Number of protein chains: 2
Amino acid sequence: MGKKLTKRSEDYSKWYNELVVQADLAENSAVRGCMVIKPYGYAIWEKMQAELDRMFKETGHENAYFPLFVPKSLFEAEEKNAEGFAKECAVVTHYRLKTDPEDSSKLIVDPNAKLEEELIVRPTSEAIIWNTYKGWIQSYRDLPLLINQWANVVRWEMRTRLFLRTAEFLWQEGHTAHATKDEALQEAELMNNVYAEFAENFLAVPVIKGVKTESERFAGADETYCIEALMQDGKALQAGTSHFLGQNFAKAFDVKFTSNQGKQEHVWATSWGVSTRLMGALIMTHSDDQGLVLPPNLAPFQVVIVPIYKSQEQLDAISQVAKELVQDLKLHGVSVKFDNRDTHKPGWKFNEYELKGVPLRIGIGPKDLEKRTVELARRDTLTKEFVAKETVVDTVITLLKEIQENLYNKARDYRDSHITTVDNFEDFKETLDTKGGFISAHWDGTTETEDKIKEITKATIRCIPLNAKNEEGICVYSGKKSLRRVLFAKAY
Amino acid sequence: MGKKLTKRSEDYSKWYNELVVQADLAENSAVRGCMVIKPYGYAIWEKMQAELDRMFKETGHENAYFPLFVPKSLFEAEEKNAEGFAKECAVVTHYRLKTDPEDSSKLIVDPNAKLEEELIVRPTSEAIIWNTYKGWIQSYRDLPLLINQWANVVRWEMRTRLFLRTAEFLWQEGHTAHATKDEALQEAELMNNVYAEFAENFLAVPVIKGVKTESERFAGADETYCIEALMQDGKALQAGTSHFLGQNFAKAFDVKFTSNQGKQEHVWATSWGVSTRLMGALIMTHSDDQGLVLPPNLAPFQVVIVPIYKSQEQLDAISQVAKELVQDLKLHGVSVKFDNRDTHKPGWKFNEYELKGVPLRIGIGPKDLEKRTVELARRDTLTKEFVAKETVVDTVITLLKEIQENLYNKARDYRDSHITTVDNFEDFKETLDTKGGFISAHWDGTTETEDKIKEITKATIRCIPLNAKNEEGICVYSGKKSLRRVLFAKAY
């Protein structure tokens with residue numbers, strides 16, 4: 001247990017950093033910008049992985065694994081992609097160390113072990129994968145190719161923050177190949193929908209589906225679909241992206257197939273990914289000044305039982321009740337931990353599980369044994385109630401569902417009340433300064449205006465919402481004609 | 001479908017290489033020594049991961065994630081470990097590329113983006129993990145620390161082979177910290193037992209548990225437990241290792257704890273790992289000249305149903321029967337694929353699934369519909385039988401169990417008949433040349449003799465079996481006194 005957390009209202013950023021460390025989710029490592037994901041944090045990531053993996057397989061995808069390294073000549077093949085990642089990539093130049101002749105306890109890079117061609121640690125795998133697909137795709141019978149990879153990637157970011165922006169992060173990257181443009185577009189949109197469904201049903205994070213403007217697109221994509229969430233400090237967070245890559249990579253790596261009409265054509269591609277960044281979205285959407293708040297669908301354990309006792313005799317009696325309850329809850333699919341450690345007092349445990357965001361806490365003391373009750377505490381509302389022993393399991397099941405819904409609804413209400421429609425640049429700036437959140441405004445469609453607005457306000461166009469109505473208007477900055485509103489926000 | 005496989009008796013090594021590629025398990029990539037694990041191969045690895053992960057969690061371990069990179073100063077901290085891996089490690093020296101001023105379509109390493117300290121791509125994670133544990137361990141209450149990591153590692157091997165020895169491979173590495181030497185020793189042995197159980201019950205690969213000699217130990221370990229398997233060509237394969245690391249890393253990284261007597265003591269450590277090398281063991285133990293043979297417990301699908309038809313009408317009728325069967329098998333926990341693709345003929349499919357080692361193949365043709373039968377073919381014995389439709393599910397369940405056992409028994413019989421006890425060096429050499437396998441022989445306990453034998457015969461001491469009897473004898477090479485027999489073999 002660390003010291004009390006900084007309040008969100010005092011310093012949201014400091015609150016986040018403290019929370020991530022104190023709730024045992026992650027910490028900075030000895031490697032600049034790289035994090036250690038601690039067991040409790042990793043258990044949440046594993047739950048995310050399991051659900052996403054299930055959803056990918058249900059939509060026909062298979063997993064595979066491609067090399068960590070990309071030879072420089074492949075890396076540079078797709079020009080825009082290379083340009084987008086060249087400035088932040090880790091480069092392997094040597095394959096051996098040797099003893100320092102000046103200090104035998106030290107090692108130095110062996111100058112005789114220089115690689116003929118440098119290797120880039122993958123920042124994303126399109127290049128190495130499309131170079132592989134070249135050997136896998138000959139005929140329309142080989143399509144579609146629907147593959148996903150769970151992997152680590154490295155992007156040498158200068159300013160890093162745990163989960164949100166780290167030099168190394170964990171992610172999944174889907175890479176699919178299709179015979180037609182339409183099919184690839186459908187795939188890109190399908191996977192964006194899968195991400196949205198996952199975010200809303202598991203993270204309990206409401207998201208807006210949209211497409212990126214040209215300047216915010218993935219380097220090498222013709223269209224980037226995205227899901228955008230809103231954090232409690234009014235800043236947006238891009239939670240997942242799905243790219244329609246056109247024939248860009250197929251052309252760069254010369255991947256053609258024989259169509260069923262016998263014609264040689266370039267293949268159409270998509271790629272899509274979500275990362276450990278989702279951990280940041282999860283934490284920032286629901287947590288409070290007491291610590292983490294976890295949606296039951298992703299909590300490593302949904303219920304914790306803490307015995308309150310003064311004698312061994314009391315503990316024995318409580319343990320019997322607790323163990324029956326554990327068994328009963330598990331039978332009903334509820335994950336539960338019985339914390340009977342005698343190294344820590346009940347009060348300490350209460351604080352710890354509050355900090356760690358366990359959805360429900362059950363306290364059992366000697367009086368509960370007499371009255372045949374338990375004390376049930378909800379993490380999301382910080383409320384408590386006494387519940388008759390025989391109804392505990394039913395109550396827990398009902399409450400877990402209720403908590404999941406409550407977290408989503410609360411986040412959605414916050415998000416909805418932070419989408420402000422504005423029609424002039426003064427209102428735009430004032431809203432951004434005083435309220436934050438998404439600003440729905442007309443934009444003339446040019447990168448020039450987008451850049452100007454960013455320069456002045458630090459807000460970027462988060463997306464052109466997929467459900468945006470056609471509505472003629474006047475660009476909030478340039479006064480030029482606009483066909484629909486887009487969403488601006490400051491973003492993580 | 002590629003061409004026919006080279007026969008094992010002709011060229012075992014060529015057979016292996018062809019099989020791995022043709023059965024869609026893996027292939028070489030554009031990066032020297034790194035492989036692409038293809039979806040079918042990766043599906044087997046996922047099954048291995050799932051079982052191992054379950055076993056690790058059942059024995060109290062949690063997963064976490066540590067950085068891919070190890071700063072050079074940490075890498076060199078544990079001297080023996082550093083010495084062991086320095087000669088084969090990939091080194092990151094720069095963090096940016098820039099456009100080549102002489103050719104704007106090319107990228108070069110930006111000399112202004114040189115790292116102050118080089119980063120080693122982890123060949124194993126003891127260094128980065130023990131540097132982290134320093135912050136996690138203060139008191140005996142923090143122990144034991146039982147953590148596992150699923151990750152990729154890189155060792156710049158000069159001669160590589162798919163799955164068996166690759167520059168990058170996937171593995172899990174457990175890293176535990178304990179208050180006492182005894183507890184750490186027990187942990188190391190426990191995890192070696194977990195590996196043995198996994199190898200025998202899932203891979204159907206019989207293994208010998210033992211400890212390594214000093215010269216074969218993991219760099220930085222005080223004792224290395226291992227499981228050793230025997231391939232069909234008479235060569236041994238180390239399938240997993242579990243190391244007792246003593247206080248070596250705790251001392252190198254100054255990790256101390258306050259004991260329950262209030263004393264400051266160095267922590268005791270273990271580490272243990274298995275890797276995608278297990279795929280090589282699996283393939284080489286069971287497969288035959290027709291292709292892969294998979295144990296049902298790890299097959300991506302255990303049963304494949306192939307319809308045999310000439311008209312759409314026939315296919316419709318067969319499909320109805322097949323789909324009922326699929327549902328029924330799934331209900332009974334059998335994984336099954338119905339291959340109704342009309343792009344390939346039944347004969348082609350039969351060959352493909354034989355090559356891919358699917359344990360059971362069910363063929364259904366028009367005559368089967370009449371007779372209410374199906375044709376059931378076993379991959380392990382290459383035998384076929386007709387089975388009445390209503391008994392198919394029961395038969396499949398029984399056969400899957402039988403195949404799993406049969407593969408294990410066959411491998412164990414082969415292994416047992418290839419352990420030869422020899423008492424002089426002539427017999428030693430002759431056995432090695434003519435029969436291969438394990439040679440049980442007396443050894444005087446010196447590295448000098450071990451090296452000499454290796455130099456002359458290429459055989460190494462695979463292990464000192466844990467169940468070795470105390471039996472005084474004479475070293476097969478030096479004639480000096482020996483206390484027990486050890487196992488020699490040529491090895492992968």
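This is a guided tour of a predicted model, arranged as a series of selections to make in the viewer.

**The domains of chain A**

Begin by colouring chain A by its domain assignment, which gives domain 1 as residues 12-71 together with 128-286, domain 2 as 301-401 and domain 3 as 419-489. Keep domain 1 and domain 2 of chain A on screen, and note that their C-alpha centres lie 38 Å apart. Where the two meet, five residues of domain 1 of chain A are in contact with four residues of domain 2 of chain A, and the area buried between these domains is about 450 Å², with 60% of it coming from carbon and sulfur atoms. Select Q22(A), A23(A) and Y40(A) next, since these residues supply 75% of the area that domain 1 of chain A buries against domain 2 of chain A, more than any other three residues.

**D24(A) and its partner**

Now move to D24(A), which lies in the loop between α1 (12-22) and β1 (26-28) of chain A. Its backbone deserves a look, for phi of D24(A) is near 65 degrees, a positive value in a residue other than glycine. Most residues other than glycine have a negative phi. Display the side chain of D24(A) together with that of K356(A), and you will find them meeting in a salt bridge, at 3.3 Å from N to O. The count between domain 1 and domain 2 of chain A is one salt bridge.

**Helix α2 of chain A**

Select helix α2 of chain A, residues 39-58, and with it helix α8 of chain A, residues 277-286; their axes come within 10 Å and cross at roughly 105 degrees. Because of that crossing angle, α2(A) is roughly perpendicular to α8(A). To see how the contact is made, show G41(A), I44(A), W45(A) and M48(A) on α2(A), and L278(A), M279(A) and L282(A) on α8(A). Sorted by character, the residues of this contact between α2(A) and α8(A) comprise six nonpolar, one polar and no charged.

Before leaving this helix, select E51(A) and R54(A), both of which lie in α2 of chain A, three residues apart, or about one turn of the helix. These two form a salt bridge in which the closest N and O atoms are 2.8 Å apart.

**Two cis peptide bonds**

Continue to P144(A), found in the loop between α5 (126-136) and β9 (145-154) of chain A. The peptide bond that joins L143(A) and P144(A) is cis, with omega about -10 degrees. Then go to P144(B), in the loop between α5 (126-136) and β9 (145-154) of chain B, where the bond from L143(B) to P144(B) is cis and has omega near -5 degrees. Most peptide bonds are trans.

**Where chain B meets chain A**

Finally, show both chains and select their interface, in which 63 residues of chain B are in contact with 64 residues of chain A. Between them the chains bury about 5200 Å², 67% of it on carbon and sulfur atoms. Within this interface, pick out Y65(B), L97(B) and L107(B), which supply 13% of the area that chain B buries against chain A, more than any other three residues.

Four salt bridges are found across the interface of chain B and chain A. To view a salt bridge between the chains, select E76(A) and K106(B), whose closest N and O atoms are 3.8 Å apart. Over all chains, the count comes to 53 salt bridges.

Key
Residues are numbered from 1 along each chain as its sequence is written. Chains are lettered from A and ligands numbered from 1 in the order in which they are written. This is a predicted model: local features need pLDDT of at least 70, side-chain atom pairs count only at pLDDT 80 or more; totals for chains, interfaces and linings use all residues. Side-chain values use heavy atoms; hydrogens and water are left out. Axes are lines fitted to C-alpha atoms, for helices over the stretch in contact, and angles run from 0 to 180 degrees between N-to-C directions. Helices (H or I, at least four residues) and strands (E, at least two) are DSSP runs, numbered from the N terminus. Angles under 35 degrees count as roughly parallel, over 145 as roughly antiparallel, 65 to 115 as roughly perpendicular and the rest as oblique. Contact means heavy atoms within 4.5 Å. Ala, Val, Leu, Ile, Met, Phe, Trp, Tyr, Cys and Pro count as nonpolar, Asp, Glu, Lys and Arg as charged, and the others, Gly among them, as polar. Domain bounds come from an automatic or database domain assignment. Buried area is the accessible area (1.4 Å probe) that two parts lose on being put together, summed over both.
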